[in-house]
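Q: I am new to this structure and would like to learn how to read it. Could you take me through it feature by feature?

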Amino acid sequence: MTLSTVATVPTAGSRPSARVLILKDVDAAGWHFAISSASRKGAELDRNPTVALTFYWPALGRQVRVEGIAQADPPQVTADDFLTRSEDARAMVLTGRQSEPYSDPAEISEALDKARLELAQSPTLVPLEWASYAVRADTVEFWQADPTRRHRRLRYERDATGWSPTLLWP
Ligand SMILES: Cc1cc2nc3c(=O)[nH]c(=O)nc-3n(C[C@H](O)[C@H](O)[C@H](O)COP(=O)(O)O)c2cc1C
């Protein structure tokens, strides 16, 4: 899925940024994803938890758009997410440098060697910057392609009593 966040840039107002992430789970709390809070998106979410998620299934001609607030998961959910990742994935997270620029690939190799050693010594280690979130949606739109361009769009909006559906022009 694509996660879109909004940064507030002092000189340029608001600026959106988007990237693909793994949808880890969907349950009553919302749509779950996990990231390093040291990354660009982590910093943006910290200041503004309002997000959009976008899914697209080309073979089915379907799109789902979600808008809402990303809320931090309880620590146990975050820990479970991290500890079920592969050793390679955990080692890369432990380097703690995501989205920083680098000039020499050896910097990454050295940091990974150090991280692997750390993991071998503490297999249940969960880095402080690892963060799992659930997006509590307030708007969800379902889009179904139609070969004649009469696409079907159905938007649900959350209100005090539940969800209200609205049909939208294609
Ligand atoms: C298929 C795919 C899955 C990805 N899954 C994740 C993920 O679950 N978590 C994550 O932090 N980054 C994931 N990434 C990497 C992000 O797209 C992105 O490059 C990275 O998180 C840095 O984003 P930022 O600089 O906007 O913070 C994935 C990328 C792809 C293409």
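The dialogue below turns to the ligand shell, the paired strands and a surface patch.

A: Please keep in mind throughout that this is a predicted model.

Q: Which residues are around the ligand?

A: A residue is counted here if one of its heavy atoms lies within 4 Å of the ligand. In this case the residues are Arg19, Val20, Leu21, Ile22, Ala34, Ile35, Ser39, Arg40, Lys41, Gln98 and Ser99, and by class they comprise 5 nonpolar, 3 polar and 3 charged residues.

Q: Which polar atoms lie opposite the oxygen and nitrogen atoms of the ligand?

A: A polar contact is a pair of N or O atoms within 3.5 Å. Here a polar backbone atom of Ile22 is 3.2 Å from a ligand oxygen, a polar backbone atom of Ala34 is 3.1 Å from a ligand nitrogen, and a polar side-chain atom of Ser39 lies 3.5 Å from a ligand oxygen. On its own the ligand has 620 Å² of accessible area, of which the protein covers 61%.

Q: How many bridges join strand E5 to strand E6?

A: Strands E5 (residues 50–57) and E6 (residues 62–72) run antiparallel and are joined by 8 bridges, with Thr54 standing opposite Arg65. The two form a hairpin with 4 residues between them, and Gly61 in the turn has a positive phi of about 65°. On E6 there is also a pairing with strand E7 (residues 130–144), again antiparallel, through 11 bridges, where Arg62 stands opposite Gln144.

Q: Which residues make the nonpolar surface patch?

A: Met92, Tyr102 and Ile108 make a patch of about 290 Å², and Tyr102 is placed in the loop between helix H3 (87–95) and helix H4 (105–121).

Methods: Residues are numbered from 1 along each chain as its sequence is written. This is a predicted model: local features need pLDDT of at least 70, side-chain atom pairs count only at pLDDT 80 or more; totals for chains, interfaces and linings use all residues. Side-chain values use heavy atoms; hydrogens and water are left out. Patches are made of residues with over 30% relative accessible area and no salt bridge: like charges are joined within 9 Å, nonpolar side chains (Val, Leu, Ile, Met, Phe, Trp, Tyr) within 5 Å. Accessible areas come from the Shrake-Rupley method with a 1.4 Å probe; for residues, only the protein chains shown count as cover. A salt bridge is a side-chain nitrogen of Lys or Arg within 4 Å of a carboxyl oxygen of Asp or Glu. A polar contact is a pair of N or O atoms within 3.5 Å; within protein, one must be able to donate a hydrogen and the other to accept it, and residues adjacent in sequence count only if both atoms are side-chain atoms. Ala, Val, Leu, Ile, Met, Phe, Trp, Tyr, Cys and Pro count as nonpolar, Asp, Glu, Lys and Arg as charged, and the others, Gly among them, as polar. Two strands pair if DSSP finds at least two bridges between them.
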